[in-house]
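Please open the model in your viewer and keep the selection panel at hand. The tour below proceeds from one selection to the next.

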Amino acid sequence: MPEFDLAIRGGTLVTAADTVRADLGIRDGRIAAVAGRITDAARTIDASGLLVLPGGIDSHVHIAQASGPGIVMADDFASATRAAAAGGNTCVMPFALQPRGASLREATHAYRALAEGQCHIDVAIHLIVSDPTPAVLGQELPALIAEGYTSFKVFMTYDDLVLNDRQILDVFDVARREGARVMVHAEGYDAIRYMTERLEKAGETRPFGHALSRPQVVEREAAHRAIAHAELVDLPIVIVHVSGEQAMEQIAWARARGLKIHAETCPQYLTLTAEDLKGRGAEDAMAGAKYVCSPPPRDTASQAAIWRGLQTGVFEVVSSDHCPFRYDDAQGKLNPRAKDGFRYVPNGIPGIETRLPLLFSEGVSAGRISLNRFVELTATNHAKLYGLYPRKGSIGIGFDADLTLWDPNRREVISQANLHHGADYTPWEGFAVTGWPVMTLARGAVVAEDGRVTGALGHGQVIDRSVQAAPFA
């Protein structure tokens, strides 16, 4: 019998720390050997001329999530994980959302049931706490953390999700006591309502009004408030989808005071601007709905600031915040109320398949970040931050054989016609990139190759996690 099930030969292995030419031996879905030459394998993949990277981990995605009356999210678990695999990812982390007035435990278990048997790659589930009742805080949330749902998100905006300051403090207290990781959507609810009503009174109904209703000060204020609450409770938090310099300044200020504040950004804040929300001018202003997400993309100065944050360590992870809706659909962006006002345009854009090529091309290929930093931002730090390490997130003996073979010189033009998500458009239509995933392996099985998803539906597992400690405590 051969010593290994699979050998990956001739490639350049890249981790967050090292870049080496070596072969990999894979057995039972895990990396069993890293050596100069491996020959005794049942199957061999020639990776000559390619980079062998840890499979991407996208720790902030929305899949099959309730989105309001008459609105339907474009991806279920099958389509979202199919797209993720084609884009070089081997694990994604969506959210089980607790509806107001409902049991968090029941919502979580129902959401997990949607995922079981329907995934091409592995999934680890976060929670969204929208109704922190005494029963949720005292019983359900601690029990779910013990079951392996060790991270959850709270919102500082949205009618059906916003928590007030006291609720945030109470939830933070449970997280501190139980050792869970908290993600914070930092935008000020009342400030957004004020701006929205003011714009509507002035006759601003276009999707571009969405960007005007959520200026940087709204994000800055909420980030500062979230940091203050975290300091009071003595809790590390993750401020997600940071869009510009003002929120970055709050994070840097907090860290200078010794606070453990982590930060995430997304490709939309590196490549898109608020101008995209204007659509194709007055003749088709609604096309701007394709770019409506929160926080909104800002301006080129903000893009430059986010790149500086990636270069200087302000950001530890880059996620997609994939939140897909169909554009030309009465249950999506162009629902019957969308033309009445920007507040009725579903919030979110698809990006699960394009995250890695965009960051590689604009970051590594453009000389803004190193290859090792790319791996850190797209895989290793996600695993460390959310309790998946050392099972996932790097290349080494004992890790899951979650790998992406990457052609750093391959040039592609992003097109909806070649993508696998459930949405009917991509915000990056026609965007040229250099660097492309050519093969994705999840636990040693090839799940995508040359733009084709080859893995069996159900190969992906729903992963339970332990409470994460160092190095991101």
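Which element supplies the largest share of the lining of the largest pocket? Select helix 5, residues 189–201, in this predicted model: with five residues, helix 5 gives the largest share of that lining. Add strand 13 (151–155) and helix 6 (208–213) to the selection, since each of these elements also supplies at least two lining residues.

Next, centre the view on S67, Y158, D159, R343 and N347, which lie nearest the centre of the largest pocket. The pocket has a volume of about 1,300 Å³ and is lined by 44 residues. Colouring the lining by class should give 19 nonpolar, 15 polar and 10 charged residues.

The tour now turns to the enclosed spaces. Three cavities of 30 Å³ or more are counted in the model. For the largest cavity, select L53, P54, G56, G88, L356, F374, V375, T378, A379, T404 and W406, which form its lining. Strand 7 (51–54), helix 12 (371–385) and strand 18 (403–413) are the elements that give two or more residues to this lining. Helix 12 has the largest share, with four residues. The volume of the largest cavity is about 50 Å³, and its lining comprises seven nonpolar and four polar residues, with no charged ones.

Keep P54 selected, as P54 also belongs to the lining of the second largest cavity. To complete that lining, add G55, I57, T90, C91, K392, G393, S394 and D402. The second largest cavity has a volume of about 40 Å³. Here the classes are three nonpolar, four polar and two charged residues.

Return to helix 12 and display helix 11, residues 355–365, beside it. How do the two helices run with respect to each other, roughly parallel or roughly antiparallel? Their axes come within 9 Å and cross at roughly 150°. Because this angle is over 145 degrees, helix 11 is roughly antiparallel to helix 12. The crossing of helix 11 past helix 12 is right-handed.

Finally, show the side chains at this contact. On helix 11, select R355, L356, L359, F360 and V364; on helix 12, the residues they meet are L371, F374, L377, T378 and H382. By class, the contact has seven nonpolar, two polar and one charged residues. L356, F374 and T378 take part in this contact and also appear in the lining of the largest cavity.

Terms used. Residues are numbered from 1 along each chain as its sequence is written. This is a predicted model: local features need pLDDT of at least 70, side-chain atom pairs count only at pLDDT 80 or more; totals for chains, interfaces and linings use all residues. Side-chain values use heavy atoms; hydrogens and water are left out. On a 1 Å grid over the protein atoms alone, a cavity is a set of points where a 1.4 Å probe fits but cannot get out, and a pocket is an open set with protein on both sides within 12 Å along at least five of seven lines; lining residues have an atom within 4 Å of a point. Grid points are joined across faces, edges and corners, and a volume is the space filled by probe spheres set on the points. Ala, Val, Leu, Ile, Met, Phe, Trp, Tyr, Cys and Pro count as nonpolar, Asp, Glu, Lys and Arg as charged, and the others, Gly among them, as polar. Axes are lines fitted to C-alpha atoms, for helices over the stretch in contact, and angles run from 0 to 180 degrees between N-to-C directions. Angles under 35 degrees count as roughly parallel, over 145 as roughly antiparallel, 65 to 115 as roughly perpendicular and the rest as oblique. A crossing is left-handed if the near helix is turned anticlockwise from the far one by less than a right angle, and right-handed if clockwise. Contact means heavy atoms within 4.5 Å.
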